[in-house]
Amino acid sequence: MLRVLANGVCLAALMLASQAAQASEAESCKAVRMAEPGWNDLAFTTGVAKVLLQALGYEPQSEVLGINVIYEGMKNKDLDLFLGYWDPAMVTYYEPYKKDGSIENVRVNLVGAKYTFAVPTYVWDAGVKDLSDLHKFADKFGKKMYGIEPGSNQLMMDAIADPQFGLDGWQVVESSEAGMLSEVGYEIKEKQFIVFQGWAPHPMNTMYDFKYLTGAEIRTEALVAAGQVL
């Protein structure tokens, strides 16, 4: 689930989609500071948000920052909006901010998202169709799973910790969306085995020929807006 984070001072104003409300709000709220971690899908979503905010009379800005920097920026009121919290995939990262009351969910902005394990189609054809099949090909995978930024790979961490899947000794290689997809592209070119974090909607679904594994919880919950509590 993806969430949008908003600075508390401007949160109420941003939730009102009328020029009358905007005209009466504080001048400081017109500058809307957004951030995204370099994810292709989120760059598009943030771009659309910028256009809409400009049409409403705001002055949106956007930066590419690390996930941890974005969350801390929200907490410290250095950022106003973040549209990139996937729930429940990133819940362990978000939980501390929820508990201390510094970040609050606002609204859904995407329903039907998928977030789970994926393998190239030739790996699927070789017999890796379910999460329980991974351990049978441990040597081919090098006991590695490829994820994105730390805090976004809890599904993989949970699978490794669950004894029913026989993944003891496996590790999650965390990097970034671009880093992970670069590795995916290389391994597919070389026809090597790789298991990675896949999700939809995302351009990767048309860029690469791959399949989603069964046996893992498919993340189909909505993308939700979130904001700092006033």
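**Exercise 1. Decide whether Lys-143 is buried, partly exposed or exposed.**

Step 1: Recall the classes: buried means under 20% relative accessible area, exposed over 50%, and partly exposed in between, with a 1.4 Å probe and protein chains only.
Step 2: Lys-143 has 34% relative accessibility, so it counts as partly exposed.
Step 3: Now look at the backbone: phi of Lys-143 is near 55°, a positive value in a residue other than glycine.

Before we go on, note that this is a predicted model, where local features need pLDDT of at least 70 and side-chain atom pairs count only at pLDDT 80 or more, while totals for chains, interfaces and linings use all residues. Residues are numbered from 1 along each chain as its sequence is written, and side-chain values use heavy atoms, leaving out hydrogens and water.

**Exercise 2. Do the same for Lys-77.**

Step 1: With 43% relative accessibility, Lys-77 counts as partly exposed.
Step 2: Lys-77 is not a glycine either, yet its phi is positive, about 65°.

**Exercise 3. Classify the aromatic pair of Phe-141 and Phe-193.**

Step 1: Rings of Phe, Tyr and Trp (its six-membered ring) pair if their centres lie within 6.5 Å; planes under 30 degrees apart count as stacked, over 60 as edge-to-face and the rest as tilted.
Step 2: By this rule there are nine aromatic pairs.
Step 3: For Phe-141 and Phe-193, the centres are 5.3 Å apart and the planes make 70°, an edge-to-face pair.
Step 4: Both Phe-141 and Phe-193 are buried.
Step 5: Widen the view: Phe-137, Phe-141, Trp-170 and Phe-193 form one aromatic cluster.
Step 6: Look for a charge as well: Lys-140 lies over the face of Phe-193, 5.2 Å from the ring centre. The rule asks for NZ of Lys or CZ of Arg within 6 Å of the ring centre and within 35 degrees of the ring normal.

**Exercise 4. Find where the largest nonpolar core lies.**

Step 1: A nonpolar core is a set of buried Ala, Val, Leu, Ile, Met, Phe, Trp, Tyr and Cys residues joined through side-chain atoms within 4.5 Å.
Step 2: The largest one has 40 residues, and Tyr-71, Trp-86, Met-180 and Phe-196 have the most contacts inside it.
Step 3: Domain 1 (26-111 + 221-227) and domain 2 (114-219) both give residues to this core, so it lies between them. These bounds come from an automatic or database domain assignment.
Step 4: Another core, of 23 residues, lies apart from it; Phe-117, Leu-131, Leu-134 and Trp-170 are among its members.
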